Amino acid sequence: MKEETPGRVRSGFLRTLGGEAVTPPPIWLMRQAGRYLPEYRQTRARAGSFLDLCFNPALACEVTLQPIRRFDFDAAILFSDILVAPMAMGQTLTFVDGEGPRLKPPVTAADLDGFRRRNALERLAPIMETVRRVRAALSADKALIGFAGAPWTVATYMLAGGPSDDPAALRGLFYKDEAFLAELIEILVATTIDYVVAQIDAGADAIQLFDTWAGGLPEPVLRAVSLEPMRKIAAAVKAARPGTPVLFFPRGVGAAAIHYAVLEECDAVSIDASTPWEWARMSLAPTAVVQGGFDPMLVVAGGERMEREARRLVRAFMGVPYIFNLGHGLTPDTPPEHVADLVAAIRNP
Ligand code: CP3
């Protein structure tokens, strides 16, 4: 863990990652900045488009802070997207309203040399400026989470040219052209290391790696395209910037989450909403901090059931380090008042 700066209050989020069972647990929510907030929609309209917003440090800083001001979360997450990395590597990224991201042209072996030669960090400079601004504006008791997509998840978008109907089916490439897939993953590992180290240097206190599409991969494939690349990134981060916690979100992997939790380089595993809480406590908590698990649909529903389930989740991890979060991101139809009720239920049990 990072040395404590004298006079600086360490956030509950970082204390939890350091192994302390903080009560009530720290809370932040995936997609806490986003379309469910009217102030986000307003700033996004001012920016022009989602991508313009990601590359406008003043406005990206503003939307990063909006959920902190409104809900007093324990951590802010940098406002950006996992797909700015392949964009910086040379693919053309667009977001089509109602359809999601497009990355053109779909990657082939002929693109790899170009990716290797390009200095992706240059194009990502505005993102680092956002990190600097957010860290300067945040109080010391709030952590700032930097992030990147895990290589496999980013590769699925690069290969399919956008969201894939069945991302796990892309594993066919592992059998058909393993060398090409391995090279693409290796380039993504190297780019991601540079990118997240730059975020740490700009002020990020911790790094989360999102492997949204890790589910459905047989174990040898999972190890090659998800587990080992994420381990390499975390190991490089720890070698370059010792003490920076790295959180892994291997969504949909079920019991294979244990392989991530036991890694020395993995400080926390973020669980999805289908992971049994008792199993996570028994199997993952002994070697990693557990984060997440709450169903985002319960926050859409709100009310007594949401609050009861939130307290039950907190109780399930009582006595061990745990970070409250969702199993996946907040959806645009979430009433912001429900988020306020959720935070209150956790802080005043
Ligand atoms: O608040 C935060 O969580 C921080 C910002 C953040 C965004 N995307 C903003 C965003 C983070 C951490 C991400 C990560 C991300 N992006 C992931 C991994 C986590 C996950 O949700 O599984 C993935 C797979 C993406 C790729 C992506 N970005 C897709 C598929 C889409 C379209 C679908 C959708 O949710 O709209 C996006 C767009 C996106 N990223 C939005 C936001 C706020 C909506 C853009 C808008 O304002 O229209």
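This tour moves through a predicted model, from the ligand to its pocket, then to some backbone features and a cavity.

**The ligand and its shell**

Begin by selecting the ligand together with the residues around it. The shell holds 22 residues, and those that come nearest are Arg31, Arg35, Tyr40, Arg44 and His328. Colour this shell by class, and 13 nonpolar, 5 polar and 4 charged residues appear. Two elements each supply at least two residues of the shell, namely helix H2 (38-47) and strand S3 (100-104).

Next, display the side chains of Arg44, Thr212 and His328. In Arg44, a polar side-chain atom lies 2.2 Å from an oxygen atom of the ligand. For Thr212, the distance from a polar side-chain atom to an oxygen atom of the ligand is 2.7 Å. His328 has an N or O atom in its side chain that is 2.6 Å from an oxygen atom of the ligand. A surface view of the ligand adds a further detail: on its own it has 870 Å² of accessible area, of which the protein covers 88%.

**The largest pocket**

Now hide the ligand and consider the space that it takes, which is the largest pocket. How much space lies in this pocket? The amount is about 1200 Å³. The lining consists of 42 residues, and Arg31, Arg35, Phe50, Asp81 and Phe95 are the closest to the centre of the pocket. Select H2, helix H3 (50-54), strand S2 (92-96), S3 and helix H9 (151-160) in turn, as these are the elements that give two or more residues to the lining. The largest share comes from S2, with 3 residues. By class, the lining of the largest pocket comprises 23 nonpolar, 13 polar and 6 charged residues.

**Features of the backbone**

Turn next to the loop between helix H1 (12-17) and H2, where Pro24 lies. Thr23 and Pro24 are joined by a cis peptide bond, with omega at about -15°. Arg31 is also placed in the loop between H1 and H2. This residue, already met among those that come nearest to the ligand, is not a glycine, yet it has a positive phi of about 60°. Most residues other than glycine have a negative phi, and most peptide bonds are trans.

Then move to Pro105, in the loop between S3 and helix H6 (112-117). Here the peptide bond from Lys104 to Pro105 is cis, with omega near -15°.

**The cavities**

For the last stop, look for enclosed space. How many cavities of 30 Å³ or more does a search of the whole structure find? The search finds 3. The largest cavity has a volume of about 70 Å³. To locate this cavity, select Ala21, Val22, Thr23 and Pro25 together with Val314, Phe317, Met318, Gly319, Val320, Pro321 and Tyr322, which line it. Thr23 thus appears again: it lines the largest cavity, and a cis peptide bond joins it to Pro24. By class, the lining of the largest cavity has 9 nonpolar and 2 polar residues, with no charged residues.

Technical notes: Residues are numbered from 1 along each chain as its sequence is written. This is a predicted model: local features need pLDDT of at least 70, side-chain atom pairs count only at pLDDT 80 or more; totals for chains, interfaces and linings use all residues. Side-chain values use heavy atoms; hydrogens and water are left out. A residue is near a molecule or strand if one of its heavy atoms lies within 4 Å of it. A polar contact is a pair of N or O atoms within 3.5 Å; within protein, one must be able to donate a hydrogen and the other to accept it, and residues adjacent in sequence count only if both atoms are side-chain atoms. Accessible areas come from the Shrake-Rupley method with a 1.4 Å probe; for residues, only the protein chains shown count as cover. On a 1 Å grid over the protein atoms alone, a cavity is a set of points where a 1.4 Å probe fits but cannot get out, and a pocket is an open set with protein on both sides within 12 Å along at least five of seven lines; lining residues have an atom within 4 Å of a point. A molecule sits in a cavity or pocket if more than half of its atoms lie within 2 Å of its grid points. Helices (H or I, at least four residues) and strands (E, at least two) are DSSP runs, numbered from the N terminus. Ala, Val, Leu, Ile, Met, Phe, Trp, Tyr, Cys and Pro count as nonpolar, Asp, Glu, Lys and Arg as charged, and the others, Gly among them, as polar. Grid points are joined across faces, edges and corners, and a volume is the space filled by probe spheres set on the points.
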